[in-house]
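Hi there,

Here is the structure I promised to pass on. Have a look at it first, and my notes follow below.

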Amino acid sequence: MRIAVVFDTPYAKWTPEQHRQQMEDELAGKTGQEAELEYQVGQALIENRHEILLVGVKDDARVVLDHCVDWKPDLVVNCAEGISGAPYDYLFPGLLESAGIHYTGSPPLGLLVSRDKAMSKKILAYHGIQVPGFATWAPNEVITKAPPLRFPLIVKPLASDASEGIAQASVVGDLAELKERVEFVQQRFAQSAIAEEFIEGRELYASVIGNEATLEVLPLTELVFDKDKNAPEERIATQSTKWQEPYRRRKGIRYQFARPVSAGAKERIEAICRTACQALWLRDYARIDVRLADNDEVWVIEANANPYIARGHEVANAADKAGMPYDKFIQRIVNEAVARHERA
Ligand SMILES: Nc1ncnc2c1ncn2[C@@H]1O[C@H](COP(=O)(O)OP(=O)(O)O)[C@@H](O)[C@H]1O
Ligand SMILES: [Mg+2]
């Protein structure tokens, strides 16, 4: 197939050929860093004998359509997370739909709804899925009284991801701390703040691949914390936890395949994934983050419509464990998107 890989990039004017060169350099280890996701995906597509075009967008999403009209891909693999760092991920599938181009992953509605940590919880609750109680404050709204929630709470930007704005100080024990952190989030991220009841428990990630009848919940992964660190703020995926291996090592935190989970909890997590994917308009692949409480109750923390699918991270690791090494995993996403269009 002819497959265009669309992604956001800091390089405004780079051509597909320049990205191709960068891809080769990064994959050859010349930059000394993990290759960008789009290049890992591009490489996997080449291994699967597809012809690829690497389309990077910095601040002008129109280049996507220009390239697609010109090159006429059979499919776009959508790796875009935003434009110039702003969360306009939903624009890419919107543009592609407007031009009748097929693409992998969730549609605009799925991306918009799952990005909003309050909206997605309202929908999940409607479908009978257990989510933490929460309250939100608009960007300029001042807190006047404590919300009717059980402290401790965790305060987050309403629509960020990748643990942006999540630190130990996000966990607040009283109204004064809540006010301070909400103001910090409002100012720092120029967006609404959400405070959720803190759910104690194991942190599990359920990666999902497929749609409806082909939907498969892959082996669970887990973020395991040092057993001697019991304060709530020591048991969350802060930004440092998520992105800094040395920090994790120092704090005794690790990502791994999940330790044993009861058959009942596993079954409930799988059922939750199926319902959540349908309820939140998720497609082809996704990751649902849950907390498993001591009493075996499952709480959904977040649904990720556009999870990070680079090698060595939760979704790709889970796929690997399910018998899909990276190239096969990327091909499976392609197959799911193609099959979805054939059914439509
Ligand atoms: N209600 C909650 N109870 C307990 N921990 C939470 C809760 N909400 C978030 N966390 C912790 O904070 C992390 C980041 O929150 P999340 O909503 O997933 O934001 P992001 O979109 O940045 O990943 C979670 O992985 C979890 O460790
Ligand atoms: Mg998350």
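To start with a small detail: which residue just after α3 takes a positive phi? That is K72, with a phi of about 55 degrees. Please keep in mind throughout that this is a predicted model.

Staying with α3, the helix spans residues 62-71, and V64, H67 and C68 are its buried residues. Viewed down the helix axis, these buried residues fall within an arc of 100 degrees, so they line one face of α3. The face turned away from them carries the exposed residues R62, D66, V69 and D70. As for what covers the buried residues of α3, the list includes the strands β1 (2-8), β2 (51-57) and β3 (75-78), along with α4.

Helix α4 (91-98) also turns up in the packing of α5. Helix α5 covers residues 108-115 and is mostly covered itself, with six of its eight residues buried. Those six are G110, L111, L112, V113, S114 and R115. Besides α4, they pack against α6 (119-126) and the strand β13.

Strand β13 brings us to the part you may care about as a computational chemist, the surroundings of ligand 1. β13 (298-304) is one of the elements that give two or more residues to the shell around this ligand, the others being β5 (153-157) and β12 (285-292). In total, 20 residues surround ligand 1, and the closest are E196, I199, I236, A237 and E302. By character, the shell divides into nine nonpolar, two polar and nine charged residues. Where does ligand 1 lie with respect to the domains? Both domain 2 (130-197) and domain 3 (201-220 + 258-343) give residues to the shell, so ligand 1 lies between them.

Finally, some overall figures for the protein chain:

- Its secondary structure comprises 12 helices and 13 strands.
- The radius of gyration is 20 Å, which agrees with the value near 20 Å that a compact globule of 344 residues would have.
- Along the principal axes, the C-alpha atoms fill a box of roughly 55 × 45 × 45 Å.
- Of the 344 residues, 42% count as buried.
- Among contacts with a separation of 6 or more, 70% come from residues 24 or more positions apart.

Happy to talk any of this through whenever it suits you.

Best wishes

Notes: Residues numbered from 1 in each chain as written. Chains lettered and ligands numbered in written order. Predicted model: local features only at pLDDT ≥ 70, side-chain atom pairs only at ≥ 80, totals over all residues. Near = placed C-beta within 6 Å. Helix = DSSP H or I, 4+ residues; strand = E, 2+ residues; numbered from the N terminus. Nonpolar A, V, L, I, M, F, W, Y, C, P; charged D, E, K, R; others polar. Domains from an automatic or database assignment. Buried ≥ 20, exposed ≤ 12 C-beta atoms within 10 Å, placed from the backbone. Contact = placed C-beta atoms within 7 Å. Rg over C-alpha atoms; globule rule 2.2 N^0.38 Å. Arc of directions from axis to C-beta.
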